[in-house]
Amino acid sequence: MAEMAEMANLSDERWKENRGQQSASPEGLARIGQKPQTITMDESSNPYFRIISKDVREYHFIVPSEEWVELGEIVSIHDRRVERGATFLARITDLRHDSNYDGNWDTVIRGDGFYDSDQIFCRVVAEPLGCMTKEAGGRERFRKSRTIPAKFSPVRKAEKEELRFLGEVMGDIEVGRLRNGSRDVKEIPVALHSDAMDHHMGVFATTGMGKSNFMKVFAASCMRMASSKESKFGLLIVDPHGEYIFGSKGTKGLLHLDRYREGIVCYSTDKRHLKDPSVSNLTVKRSEILPQDIEVLYDWTPAQREALEAVSRVFYGEEWLDDLLTSEGAAKMIAEGFHEKTIGRIGRTIRTILDKNRYISDLTSSIPGMVNNLLAGKVVLVDIPTLGERSELFLLSLLSRSILDRYKKESAEGSRGKSCLITIEEAQRVLGGGEGSLARFESIAREGRKFGVGLCAITQQPKLINKQLLSQFNTFVILGLADRNDRTRLEESAKQDLSTLDVEIQTLEKGEAIVSTLKIPFPVPARVHLYEEYLERLNREGSSGGRGRIGGFSPPPD
Amino acid sequence: MKIVHMADSHLGFSAYGRVDRWGRNLREEMVYQGFSKTVDKIIDLAPDAVVHAGDVFHHVRPRIRPLYVFQQNLERLVEAGIPVVIISGNHDAPKSYASLSPFTLFEGMEGVHIAHHYRYEPFEVGETTFHTIPFCLGPEDYLEEFRKMQEGRAETSGGKDVLVMHGLVEALWDRRLRTVGEHQLKESFLKSDFSYIALGHYHGQAQVAKNGWYSGSVEYFRFNEAKDEKGFLYVDLDTDPGSVKQIKIQDEYMIDLEPIDCIGLSSREVEGLIGSVCDDLGLKDKIVRLRLSEISREAYRSLSRRLLGELRGEALHIEIIPEFSDEPAPRETEPMESRDLPQEFRKFIEGEAAGEAIPAAIRDGVLAYGTGLLARISEKRATERFDAAQ
């Protein structure tokens, strides 16, 4: 990685020198075993770094073959035809060896070498991103381009000033820095828009590419917003691995962000985590569980499903769970025409759920507090490392129903607080469509936005997510996907064209991302902050605020 | 070990202007009598300790009478050999470090442990540790004090642990009293590994966790408490969780009557209904509220003054509230938290500025000056004296 950065820096120097004279740096050439040489030309005769083809969808230019150019780099093309000048931006999507020779030139000895160095080069293919023009008053405006730059318009690596407009279209939830190739543009943060969050977000990456790191950075930015009461949505994270709260394997967690602890509320089933003053014991009241919460969990036979649907008709009130388990309750169901074995299976399942989910209580419930905090725009972390997968799905389904019901109610009354975003880890389990999917999440994906409820689907297999559901997602954060089918599924469903980024997505390194969201004009390459570094920065931010704590009291002297 | 958990005595509370033959406020005397009655009952029960979870006094600078009543009763408990643990609450804790707490007078009494220094203090009574966090000046201070306590707890083991705090837990926040210094207690403070959590501030008896209770007040203070049973809690810490018995001290003397539907009724008919309701109830020494729903202004104006005077003479206090048919029900609006003022001001200015009411040239200056000023004001409000009115 360090070597890559070094090489990229070398190339930066060379790019700067491209003004009618092309010189290859001694270090760069030494790497490829050639003597340094300088080719002096007059400006109009230099063929490198000039647009030579092709059309409005694709620009081509050539660079010396020893030049270091990377996929994903953004270049600027200055077109002098327009009175005030126009700058086109394009992203490199492909690199090819090319030459002015026909046929198998590269194996034929010409003179004392294989080739004439000035006849071979690299062809760079770039995808147009848009065009920046100066408007009356000197203000710059970026828009999609409806034309092509003039032939031979000069190309150079986009400078931070030319990318500065991106800073203005970024949102309020910072997740990283703009990346140009493998070089970071430190001055330009990449930030998602709060307003887009109820339009659903997907985070896609294969294992080890930094999903958890991204989510922690995202949540930390949300905590920061919530602490200053500027957040526009609440974020629910159900963490089955126990890694978000205090981190794991040497990483830090969300509660290490002391500066913005006010922005998070945590519920846990883990006794070690419960010792922290900010962590509440997770409880769910028995009376909050409805038959449909049980229904989503198992593969029921049609008869069992029918019996479950009848439960709310047969038993009145909130005590159905206990009533059904009594012999009188079973008799009532049998009297309704259901088979004894059917009722027995349902009863056994309920006992298993109650046994495995020890957070189910007769007395108290964390759910109203959770929803209140979401409505207030806080991050709500539910830490359940001690529970199995089925229990996790049960809890997630129960929480989602409670949240959606409350948001629907408050939306109808016109008194709804802030929107919310429900995070689902391994989302392919519940958004796959057909068998194995959970109708509840599908309905949130389809209609949640009407009530201010969005989904944040995290998965390493987007190919398993229903295509129509995925097309409801307006924000994609892609952290590297090796499987072609996964990439194709995303390209088919994204709101912005990702097809040209296929190779770049394939070659993303850990921590690098492509962020595609509606309010940013094109999918932007980003380097996601390393959470531990971001945490340190946020903890240092500003003063501790307020009057400064005195820490108890000592009486004044008599 | 058995403990008594009580809270919110509010000694010194007075109301209604009715006095006894010595000129003492009747309502105030009732509160003192209730407190003495409570101590009688505690001495009868002979618990191993008494916990008072805040707001012993109604005022931060109580007069001599409430101080005297408190001292007398405290001495009775001490003489009976019952250790007492007390924390200050939002009513009786000074809101400035410069003021002296009334509890300073009682420091050093044998068997009496009082936490009123805005910080966590542990007190050991037998094998039980009482972890007390009294009223703190800023809501954020509780977290820090709780953290200190958890660190202390991690170093000790064995014995029973009782947490004592004053404030309103998140789950009851919609029932807040909107009094000065009312702080929210995080749900995360209700740790299940305490033997018992004794809370004060909320005047009803309520269980908020498997091991956490509000004892409620011994007296009725507001009409929304009228349906509550008033008394204290008797807790056996030797069971898990502590078994809790509610001990009733007061009869229901505060009555919030069902509204009388007065649609189309004349004043005589309304008088008849009022008389009948009050006769059934028996007004003597009671505090009563009666709403006349949908009454016409004419009928209300014509109600017999003599009848109303008689009712007022009989009851300790009676409130007859007309809800006129031509008047919309009053809307409750959410009071603004002083710490939110700078943010609110920013929103207001941004709204005004969008309408160009404030010229762009001075907008930033106005915003910076205003938010700075409001931040300073809310800062002062948080630390200077703004205690309950005497």
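## Chain A: contacts and content

In chain A, contacts between residues at least 6 apart in sequence are counted, and 69% of them join residues at least 24 apart. The model is predicted. Chain A has 558 residues, of which 45% count as buried. Its secondary structure comprises 17 helices and 23 strands.

## Strand β4 of chain A and its partners

Strand β4(A) spans residues 58-64. Five of its seven residues are buried, so the strand is largely enclosed by the rest of the structure.

β4(A) pairs with strand β3(A), residues 51-55, through four bridges in the antiparallel sense. These two strands form a hairpin, with two residues between them. Within the pairing, S53(A) stands opposite H60(A). β4(A) also pairs with strand β7(A), residues 120-134. That pairing is antiparallel too and has six bridges. Here V63(A) has C122(A) as its bridge partner.

## The twelve-stranded sheet of chain A

Chain A contains an open sheet of twelve strands with mixed pairing. The strand order is β11-β10-β23-β22-β21-β12-β20-β19-β13-β18-β14-β15. Its edge strands are β11 (183-192) and β15 (279-281), each of which pairs on one side only. From one strand to the next, the twist averages 25°.

At the β15 edge, the neighbour is β14(A), residues 264-268. β14(A) and β15(A) run parallel and are joined by three bridges. S268(A) is bridged to N281(A) in β15(A).

## Helices on that sheet

Helix α11(A), residues 367-375, packs on the sheet. It touches β13 (233-239), β14, β18 (379-383) and β19 (419-424) of chain A. The direction of α11(A) makes about 135° with that of β13(A).

Helix α12(A), residues 389-413, lies across β13, β19 and β20 (453-459) of chain A. It runs at about 165° to β13(A). Strands β13 and β19 of chain A thus appear in the contacts of both α11(A) and α12(A).

## A helix crossing in chain A

Helices α7(A), residues 302-314, and α10(A), residues 340-356, have axes that come within 10 Å. They cross at roughly 70°. The two helices are therefore roughly perpendicular to each other.

From α7(A), the contact uses A303(A), Q304(A), A307(A) and L308(A). From α10(A), it uses T342(A), I343(A), R345(A) and I346(A). By class, the contact has five nonpolar, two polar and one charged residues.

## Chain B: domains

The domain assignment divides chain B into domain 1 (2-250), domain 2 (254-324) and domain 3 (338-383). The centres of domain 1 and domain 3 of chain B, taken over C-alpha atoms, are separated by 39 Å.

## A helix pair in chain B

Helix α1(B) covers residues 26-45, and helix α2(B) covers residues 64-79. They pack at an angle of about 5°, with axes 10 Å apart. α1(B) and α2(B) are therefore roughly parallel to each other.

On the α1(B) side, the contact residues are Y32(B), F35(B), S36(B), V39(B), I42(B) and I43(B). They meet V69(B), N73(B), R76(B) and L77(B) in α2(B). By class, this contact has seven nonpolar, two polar and one charged residues.

## The six-stranded sheet of chain B

Chain B has an open sheet of six strands, ordered β5-β6-β7-β10-β12-β11. Its pairing is mixed. The edge strands are β5 (121-125) and β11 (206-209), and each pairs on one side only. Direction ignored, neighbouring strands of this sheet are turned by 25° against each other on average.

At the β11 edge, β11(B) is joined to β12(B), residues 212-214, by three bridges. These strands run antiparallel. A209(B) stands opposite G212(B).

Helix α3(B), residues 141-155, lies across β5, β6 (128-133) and β7 (160-166) of chain B. Its direction is at about 160° to β6(B).

Key: Residues are numbered from 1 along each chain as its sequence is written. Chains are lettered from A and ligands numbered from 1 in the order in which they are written. This is a predicted model: local features need pLDDT of at least 70, side-chain atom pairs count only at pLDDT 80 or more; totals for chains, interfaces and linings use all residues. A residue is buried if 20 or more other C-beta atoms lie within 10 Å of its own, exposed if 12 or fewer, and partly exposed in between; C-beta atoms are placed from the backbone. Two strands pair if DSSP finds at least two bridges between them. Domain bounds come from an automatic or database domain assignment. Axes are lines fitted to C-alpha atoms, for helices over the stretch in contact, and angles run from 0 to 180 degrees between N-to-C directions. Angles under 35 degrees count as roughly parallel, over 145 as roughly antiparallel, 65 to 115 as roughly perpendicular and the rest as oblique. Two residues are in contact if their C-beta atoms, placed from the backbone, lie within 7 Å. Ala, Val, Leu, Ile, Met, Phe, Trp, Tyr, Cys and Pro count as nonpolar, Asp, Glu, Lys and Arg as charged, and the others, Gly among them, as polar.
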